[in-house]
Structure formats: structure tokens, C-alpha cells
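Let's take a friendly tour of the pockets and nonpolar cores of this protein. Have the viewer ready as you read.

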Amino acid sequence: MRLKTRAGFAGLTAGVVSVLLVGSAAAAPAPGSIGVGDPYYPHAGNGGYDVGHYDLRLSYQPSTDLLSGATTILLTATQDLSRFNLDFGLKVTSVRVNNRPAQFATSTDGTGELTVTPSTPLKKGQTATVVVAYADTPSKVKIDGFTAWKKTPDGALAVDEPQSAAWWFPSNDHPTDLATYDISVEVPNDVAALSNGTLVRKTVQRPGWTRWNWRSTKPQATYLTSLEVGKFEVNEQTTPDGKPFITAYGADLGESLGAAKASIERTPEITEFLASKFGPYPFEAQGGVATTGITFALENQTRPVYGARAFRSGSNTSVVAHEQAHQWFGDNVTLGKWSDIWLNEGFASYGEFLWSEETGEGTADELAQYIYDSAPAEDPFWQVLPADPGEANQFHAAVYDRGALAVHALRKAVGDDTFFRILQTWQQVKKSKSAVIPEFIALAEKISGKPLYDLFQTWLYTKGKPAVSPNGTPA
Ligand code: ARG
Ligand code: ZN
């Protein structure tokens with residue numbers, strides 16, 4: 001699906017043309033590709049540029065679901081660009097590139113591609129300031145047949161994986177392009193607008209409306225960038241190590257409110273524990289948002305969002321350990337391809353094992369053995385490969401549970417000291433970068449000095465129940 005720039009152009013004509021083009025001194029600027037070549041999501045991300053910073057300045061009216069304003073994107077061209085794409089589904093009113101009006105067109109095939117043609121082509125290495133102005137009702141906008149924007153009775157949520165950005169800001173929507181953010185959202189006074197990072201300021205510039213200004217100073221993936229508007233109890237606190245710790249609880253949590261607080265308020269303690277295993281916490285703030293508007297939880301950078309369901313039967317620090325483990329595995333180190341999802345979910349699930357060990361609710365050995373024993377060999381569970389589960393199975397239990405068994409198998413094979421050294425080194429060398437599974441395996445082999453090909457082949461890449469559990473117990 002990926003349209004390569006020159007190859008794509010040549011492909012439209014004849015093979016011989018590409019031969020003629022190769023080596024031609026002044027090749028014409030080419031269009032950026034419509035995707036980065038992700039095996040599961042061919043339209044995700046775009047080619048030809050790299051974003052450094054996003055500045056969102058928006059207004060949102062819950063009663064009409066009208067989102068309007070502008071996003072300013074600071075990018076650098078990575079090739080000579082005649083035009084480039086952004087991933088975006090909302091109605092655009094104008095686009096400017098380097099202060100000049102640019103031509104633009106939104107895809108009509110429901111793929112959520114915004115094509116921008118600057119008045120002057122961009123040169124490789126050139127920076128550009130792209131201003132996209134827009135106004136639309138995101139809950140009515142379908143991309144790939146659905147909307148990830150969740151309208152709630154008193155607001156809305158832009159919280160989803162693998163995609164949520166295209167319903168509220170134009171972006172290079174793939175976890176390989178990380179950027180810093182300023183997110184400013186004006187909402188009516190009776191609701192809050194929550195997002196990532198630090199709450200820099202709340203301002204009032206016209207009666208009845210409050211503008212919430214959020215800032216993420218560490219590189220952040222598009223899908224980890226979130227917005228939650230609605231009636232929330234917002235608590236601004238500070239972690240023991242002096243970072244902003246902002247939590248928010250939906251006004252309609254009802255009987256789950258106590259359990260949600262008893263879990264999410266312990267985020268700094270859980271984070272400190274995980275930092276003792278994974279290395280320093282990578283970000284400048286912490287927090288959590290509990291809402292009835294979603295049924296899952298998501299590791300939004302610095303401030304995960306928890307569906308209230310997680311707290312329906314009492315406190316659940318396991319889910320907090322999972323989402324906080326993602327701050328390292330998923331957020332600090334992002335995915336090179338969506339098929340590498342094990343690098344996120346296997347390790348976040350293992351964060352739950354570690355926290356369980358810490359709280360005396362079961363050792364990693366016990367939890368791993370339980371999962372291994374629970375699914376008999378004929379269970380379809382063993383047919384989904386954690387290392388490439390397929391688009392439809394991206395969040396299958398096998399990615400999480402068998403994924404955690406794979407991590408445990410590594411720990412058992414190399415011993416605790418080496419195991420945690422591997423995880424900490426991974427976090428250092430891949431800080432604010434994307435990564436793919438073979439890179440992790442190579443690092444594990446290098447640090448342990450052990451051949452680990454067979455182990456990962458067994459646990460990640462081979463269908464069927466492995467003959468022995470990670471602890472070495474036969475089935
Ligand atoms: N990464 C999330 C978690 O494991 C899963 C999100 C699943 N996405 C969804 N739309 N249900 O915490
Ligand atoms: Zn997860």
C-alpha cells in the first residue's frame with residue numbers, strides 16, 4: 001500500500017523511466033507517501049517529514065460537539081517535498097505553510113488523509129510551520145468506518161489505541177514520529193479539559209469559558225496524546241519527588257469513586273516501585289483520569305485514562321501498575337510497527353507481575369504458572385502469536401498473558417540481575433525512540449551473553465503451547 005515517492009511515481013509510468021530518473025542530478029520534488037509502511041495500518045503516519053512539535057489551540061462545546069480552532073505543526077522535511085499528507089478526518093477551513101496559503105484536500109474514501117500542497121515545494125532538511133484551521137463535530141466523522149471520538153453526556157474523550165488523533169488534530173499518526181506538545185483547549189466553565197503533561201495555566205478570556213493549557217516536554221506519540229472533557233473532580237498534587245501529580249474523577253463514577261481513588265491516588269508509590277526495576281521514570285508529571293466513558297484503560301503519556309469498570313469490585317492497583325509500566329514500555333520506548341505490540345503489552349503485563357510480587361499477592365512464578373496451566377494445549381489462546389498477532393488480534397489475551405510468560409521465561413533463563421539490567425539498558429538506549437522486537441532480542445543476547453533465539457522463538461513466534469512452563473514445569 002505504501003506509495004514510495006519516486007518508485008510510486010515511476011510505477012505509474014514504466015520501469016524504464018525509473019532507470020532514467022536514478023542518478024538524474026536535479027530530481028523534481030516528490031509527494032510524501034500516504035503511510036509509513038505499517039504492516040497493519042497502511043495509512044498510518046506519512047512519509048517525507050518529521051514532526052518536532054504540535055501546538056493545539058482549540059475550543060470545544062459539549063452541547064453541540066463542535067470542536068474548532070487550529071493546530072500548528074513544526075516539522076522538518078526529510079526529502080524534497082512537492083506535497084505531503086497529514087492524518088486527519090475533520091473539516092479543514094484553511095492550511096498555511098510557512099505563512100503562505102497552501103492547497104489542501106481531504107480524502108473522500110474515508111481514509112482520513114489530508115493532502116497539503118505548499119505554494120513552494122519544501123527542500124530536504126527544511127523546517128516548516130504548518131497551520132491547519134478546522135471546525136467539525138468529531139463524533140460524526142468516520143475514518144476507516146468508525147469514530148474513536150467518544151461523546152459523553154457532559155463532554156467527550158479522545159482516548160484510543162491504535163488511533164485517536166485524526167478525530168481532533170492533524171498529525172503524522174504513527175508511533176515512530178514522536179514530538180513535544182502544547183495543548184490548549186477552551187471549554188465551558190462547568191467542565192474540565194484534561195490532557196497530558198503539566199497544567200501550565202488555566203485562563204479566562206471570555207465570560208463562561210475556561211482555557212486549559214497543557215504541555216508535554218518529552219517526546220510523545222500521537223495515540224498517547226489525549227483529551228478528556230467533562231465534569232470531573234480535578235486534584236492537583238505533587239509527587240514525593242516534586243513532579244505535578246494531577247488526577248481527575250468523572251462526576252458520574254458513583255459507587256466506583258472510592259475504589260478508583262484508592263487505586264489511582266497510589267500512582268506515585270507504584271511508579272517509584274517500577275522505577276526501581278526499570279530505571280528512572282521518564283516523564284515530568286504523573287496522574288490518572290477515571291471515566292465511565294470507556295471500558296478499557298489506556299497508557300496516555302503521564303496521565304493514563306481508566307474506564308471505571310476497572311474499579312467495579314474494589315481497588316485495582318494492578319491496572320495502575322500496568323498503565324504505569326507502559327510509561328516505560330510503550331511511551332518512552334514506542335513501537336516501530338504496530339505488529340510489535342508485544343513490546344508494549346507483554347512488559348506492561350509483566351509490570352503487574354512485579355507489583356503483585358511486591359504486594360505479596362503472588363510471585364511472578366506463581367502468576368506465570370497459573371496462566372500456563374489455565375489454558376490447555378488445544379485452547380485457541382495458544383494459536384495467537386504475541387510477536388505478530390494480526391491486526392484483528394492486536395489486543396488479544398495472548399499478547400498480554402503469553403506475552404508476559406515470554407518475559408518471565410527470559411527472566412528465568414538469564415537470572416534476576418541480568419534480566420533487570422537488560423530492561424534498564426533497553427530503556428536507556430531506546431529512550432524517546434521507537435523499536436522493533438528483534439532489537440530487544442539482540443540486546444538481551446548481548447547483555448546476557450546467552451543465545452536466546454530458541455526461547456523467543458518458542459514463546460513469541462511459534463503457535464501451540466510450549467512444552468514446559470517458563471518455570472520449567474512440563475505441561
Ligand atoms: N494499551 C491498552 C492497555 O493495555 C489497551 C487499549 C485497547 N484499545 C481499545 N480500544 N480497547 O492498557
Ligand atoms: Zn496495556
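Here is a short report on the pockets, followed by the cores.

Please keep in mind that this is a predicted model. The largest pocket holds about 620 Å³ of space. Its lining is made of 24 residues, and those closest to the centre are Val 319, His 322, Glu 323, Glu 352 and Tyr 400. Four elements each give two or more residues to this lining: β20 (297-298), α5 (317-328), α6 (342-359) and α8 (397-414). The top contributor is α5, with 5 residues.

The second largest pocket has a volume of about 320 Å³. Among the 20 residues around it, Tyr 41, Ile 143, Asp 144, Phe 146 and Gln 163 are the closest to the centre.

The table gives the make-up of both linings by residue class.

| Pocket | Nonpolar | Polar | Charged |
|---|---|---|---|
| Largest pocket | 10 residues | 6 residues | 8 residues |
| Second largest pocket | 9 residues | 4 residues | 7 residues |

Now to the cores. The largest nonpolar core has 74 residues, and the members that touch the most others are Trp 342, Leu 343, Phe 440 and Phe 456. Helix α8 supplies the most residues to this core, 9 in number. Which residues does Phe 456 touch, leaving aside those up to four places away in sequence? They are Trp 342, Leu 410, Phe 440, Ile 441 and Tyr 461. Another core lies apart from this one; it has 60 residues, including Tyr 54, Leu 67, Val 116 and Leu 122.

Definitions and conventions. Residues are numbered from 1 along each chain as its sequence is written. Chains are lettered from A and ligands numbered from 1 in the order in which they are written. This is a predicted model: local features need pLDDT of at least 70, side-chain atom pairs count only at pLDDT 80 or more; totals for chains, interfaces and linings use all residues. Side-chain values use heavy atoms; hydrogens and water are left out. On a 1 Å grid over the protein atoms alone, a cavity is a set of points where a 1.4 Å probe fits but cannot get out, and a pocket is an open set with protein on both sides within 12 Å along at least five of seven lines; lining residues have an atom within 4 Å of a point. Grid points are joined across faces, edges and corners, and a volume is the space filled by probe spheres set on the points. Ala, Val, Leu, Ile, Met, Phe, Trp, Tyr, Cys and Pro count as nonpolar, Asp, Glu, Lys and Arg as charged, and the others, Gly among them, as polar. A nonpolar core is a set of buried Ala, Val, Leu, Ile, Met, Phe, Trp, Tyr and Cys residues joined through side-chain atoms within 4.5 Å. Buried means under 20% relative accessible area, exposed over 50%, partly exposed in between (1.4 Å probe, protein chains only). Contact means heavy atoms within 4.5 Å.
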